[in-house]
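Reader: I would like to go through this model step by step, beginning with the backbone and ending with the packing. Could you take my questions in that order?

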Amino acid sequence: MASGEDDDPIIEEIDVYLAKSLSDKLYLFQYPLRPSTMTYDDVNHLSAKIKPKQQRVELEMAVDAMSPNYCRSKGEQIALNVDGTTFDETNTFSAKMMDKQSFTSIQATTNTCRYAAAVFRKGELHITPLTGILQMRPSFSYLDKADTKTREREAANEGGDSSQDEAEEDVKAITVRFSRPESEQARQRRLQSYEFLQKKQAEEPWVHLHYHGVKDGRSEHERQYLLCQSVDASENSELVKTPKEYLTMLMPPLAEEKLVKPVGPSNVLSMAQLRTLPLGEQVKTLLKNVKVMPFANLMGLLASGTDSTAALRCIQQVALLVQGNWVVKSDVLYPKNTCSPHSGVPAELLCRGRDFVMWRFTRERSVMRKEITAIIKLPPEDVKEFLEHVAVPRVNRGWEFLLPTDSEFIKKHPDIGHRQHMLWLGIQSKLEKVFNFSKEDFGPKDSPQPEPLHVSGEQRLKAAHERAEGNKSSLQRELDARRAGSAGAVKQEPVSDREDEPMDASSSVPNGSSNGVPGAACDHAASGDASSQELQDFVMKTFRKHFVLTLSEFKRLLSLHLASMPVGRSVFPSISDHMLQDAILLCQCKQIMVPFPAQTTAAADEQKVFALWDTGDEFDKLRRVLYDLFNKSYRIRRNVLQLKLAQEFGDVPKTDVNRLLQECCISSAGMWYLNGTLQS
């Protein structure tokens with residue numbers, strides 16, 4: 001040791017002082033896009049401002065417009081694009097030329113406890129902790145201002161009579177919505193959202209600063225504060241440490257590293273974090289994410305040594321047994337006072353509908369989606385979500401349960417199987433009262449299935465011809481009745497028009513099998529006079545309120561109507577798009593063939609536009625003129641409509657024109673569109 005110390009002698013000892021005068025306001029500015037040999041020290045700084053809490057700084061520096069490297073024409077063009085031809089105090093470039101540039105800061109690091117600025121003077125080292133390290137980069141916010149002005153000019157060019165537009169805005173209807181009580185989980189998501197953080201950042205006011213150059217007298221005065229004002233060791237207790245304390249500061253214990261957690265999605269929980277939760281919470285979290293799983297898989301995900309009896313006790317609190325597998329309960333997925341993210345349906349109705357779907361899977365392997373929708377009367381998006389949780393679509397077989405039946409678990413735990421069976425009987429009795437059905441309407445889970453019948457294409461084609469000949473007379477009678485104006489029975493179409501449901505194909509073979517594979521028998525009868533009349537009454541009521549609707553919007557209103565009907569009330573069966581369109585056309589409505597542009601993003605249902613043609617009042621003739629204009633163009637100007645009305649009926653009051661447009665149209669950028677045809 002002695003020889004080692006002799007080989008590396010101490011040459012000089014330097015006293016280190018901790019300066020605190022600027023410790024809460026000292027920032028290090030970095031310019032990563034600028035070479036160190038080209039500083040901004042000699043550049044004229046026009047303005048500076050800071051948001052201290054966010055450590056955000058903005059600087060404005062002059063640009064040498066007299067430099068031979070400066071393109072004057074480009075500078076004038078940029079100023080013209082940003083400020084336009086007018087001159088006022090809000091202009092970005094007052095000299096009609098781009099004569100300045102802006103810099104905005106970003107934090108290079110959020111943890112500056114290990115960084116300091118040091119000054120070596122007269123054999124003493126004075127260090128001052130840094131408040132922040134900021135990287136200054138050019139800001140091009142003035143280009144956003146140019147884009148805004150461009151859009152405003154385009155809107156002004158497209159807009160019609162501004163005074164008319166203002167009058168139209170004055171009489172526009174206002175929709176008042178009341179927000180639901182915010183849950184704690186929703187509040188946490190809102191507080192962590194980008195929009196909320198941006199709003200909080202915008203609330204902090206800017207503090208305007210005065211810039212002093214490097215050689216300025218004020219700068220020289222401030223640099224004196226980088227020196228420790230007191231050389232008394234007792235006042236620099238931070239630097240008076242024992243060797244052990246100093247070593248601890250250099251090498252902190254490993255426990256402190258645990259405070260730094262990796263940032264991941266809020267809905268993702270690692271297995272290490274999961275196993276820190278109580279057993280009941282572990283089971284609940286796994287089931288909420290997976291939706292359905294066998295008990296053996298669950299035990300494989302839990303920590304080794306977990307008691308299976310305790311796990312069984314926990315899983316029965318959050319899941320139900322279906323086909324020997326565990327499916328998470330509906331009230332766990334849809335807690336009280338929540339609603340559907342797709343349609344806004346309350347959680348109570350969602351739980352009821354999902355319980356019916358799971359009950360059906362306790363009795364059979366496959367179900368038809370349109371059967372489910374016809375009974376639970378919920379929007380198709382919610383029904384599809386229920387099925388996607390526990391099933392997969394199969395061609396010509398509907399939706400099949402996701403997992404094979406776990407017979408081994410049922411044999412190993414007969415007591416649990418019996419208890420779950422009794423629970424399902426209780427749920428079944430409640431569902432029968434709510435949805436007004438009987439369990440005999442559906443085949444039992446263990447009913448024997450006939451052997452698959454392999455039918456050739458010729459046999460299927462022959463059967464289809466025979467069935468068409470048998471239905472010919474009834475179809476002719478129905479057509480004659482419709483032409484006579486009678487509200488006859490509407491024949492239920494066996495195949496859904498929805499493109500996303502190919503599995504609901506009905507059988508075309510007399511023996512009840514589909515493509516040789518037997519399926520659950522499903523007898524869809526005609527809706528009858530009462531259902532047809534009820535549908536037509538709903539069509540008339542809806543169109544007298546809205547006047548113009550797309551097929552997509554009408555289907556949404558019908559789904560909400562069905563979901564709001566009293567429990568147990570008999571409603572029309574599953575309705576196809578063709579039936580809806582026929583019902584609409586029978587109720588004094590006509591389809592408007594709106595010529596949508598080739599690049600439209602509207603779906604097929606959104607391009608089918610229907611309008612109320614005949615209400616029996618004098619206003620019908622004005623509406624028909626409006627509809628005729630929209631048969632030629634997907635948007636019109638107000639003055640075009642006024643001119644057409646004047647040609648047809650003479651002077652039409654402005655109040656009538658306003659009423660006509662407000663009932664049937666929506667305005668955007670000076671143009672008018674039929675309701676539902678304006679694409680966002």
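Reader: In which loop is glutamine 323 found?
Author: The model is a predicted one, and glutamine 323 is best placed by the strands that flank its loop. Those strands are strand 11 (319-322) and strand 12 (325-328), so that the residue is found in the loop between strand 11 and strand 12.

Reader: What is the phi of glutamine 323 near, and is the residue buried or exposed?
Author: Most residues other than glycine have a negative phi. Glutamine 323, a residue other than glycine, has a positive phi near 55 degrees. Because buried means under 20% relative accessible area, and glutamine 323 has a relative accessible area of 5%, the residue counts as buried.

Reader: Which loop holds glutamine 55, and what is its relative accessible area?
Author: Glutamine 55 lies in the loop between strand 3 (45-51) and strand 4 (56-62), and, although not a glycine, it has a positive phi of about 55 degrees. Glutamine 55 is classed as buried because its relative accessible area, which has to be under 20% for that class, is 15%.

Reader: How are strand 14 and strand 15 paired, and which residue is the bridge partner of proline 393?
Author: Strand 14 (residues 391-394) and strand 15 (residues 398-401) pair in the antiparallel sense over 4 bridges. They form a hairpin with 3 residues between them, and asparagine 396 in the turn has a positive phi of about 65 degrees. Within this pairing, the bridge partner that strand 15 offers to proline 393 is tryptophan 399.

Reader: Is lysine 411 buried or exposed, and how far in space is it from glycine 324?
Author: Lysine 411 lies in helix 17 (residues 407-412), and because its relative accessibility is 71%, where exposed means over 50%, it counts as exposed. Lysine 411 and glycine 324 are 87 residues apart in sequence, while their C-alpha to C-alpha distance in space is 9.5 Å.

Reader: Which helix supplies the largest share of the largest nonpolar core?
Author: In soluble globular proteins, nonpolar side chains tend to be buried together. Here the largest nonpolar core has 54 residues, and those with the most contacts inside it are Leu298, Ile315, Phe356 and Phe361. The largest share of this core, 8 residues, comes from helix 14 (residues 347-363).

Reader: Which residues form the nonpolar patch on the surface?
Author: The patch has about 480 Å² of accessible area together, and leucine 247, one of its members, is found in helix 8 (residues 243-250). The residues that form the patch are Tyr246, Leu247, Leu250 and Met251.

Conventions. Residues are numbered from 1 along each chain as its sequence is written. This is a predicted model: local features need pLDDT of at least 70, side-chain atom pairs count only at pLDDT 80 or more; totals for chains, interfaces and linings use all residues. Side-chain values use heavy atoms; hydrogens and water are left out. Two strands pair if DSSP finds at least two bridges between them. Helices (H or I, at least four residues) and strands (E, at least two) are DSSP runs, numbered from the N terminus. A nonpolar core is a set of buried Ala, Val, Leu, Ile, Met, Phe, Trp, Tyr and Cys residues joined through side-chain atoms within 4.5 Å. Buried means under 20% relative accessible area, exposed over 50%, partly exposed in between (1.4 Å probe, protein chains only). Patches are made of residues with over 30% relative accessible area and no salt bridge: like charges are joined within 9 Å, nonpolar side chains (Val, Leu, Ile, Met, Phe, Trp, Tyr) within 5 Å. Accessible areas come from the Shrake-Rupley method with a 1.4 Å probe; for residues, only the protein chains shown count as cover. A salt bridge is a side-chain nitrogen of Lys or Arg within 4 Å of a carboxyl oxygen of Asp or Glu.
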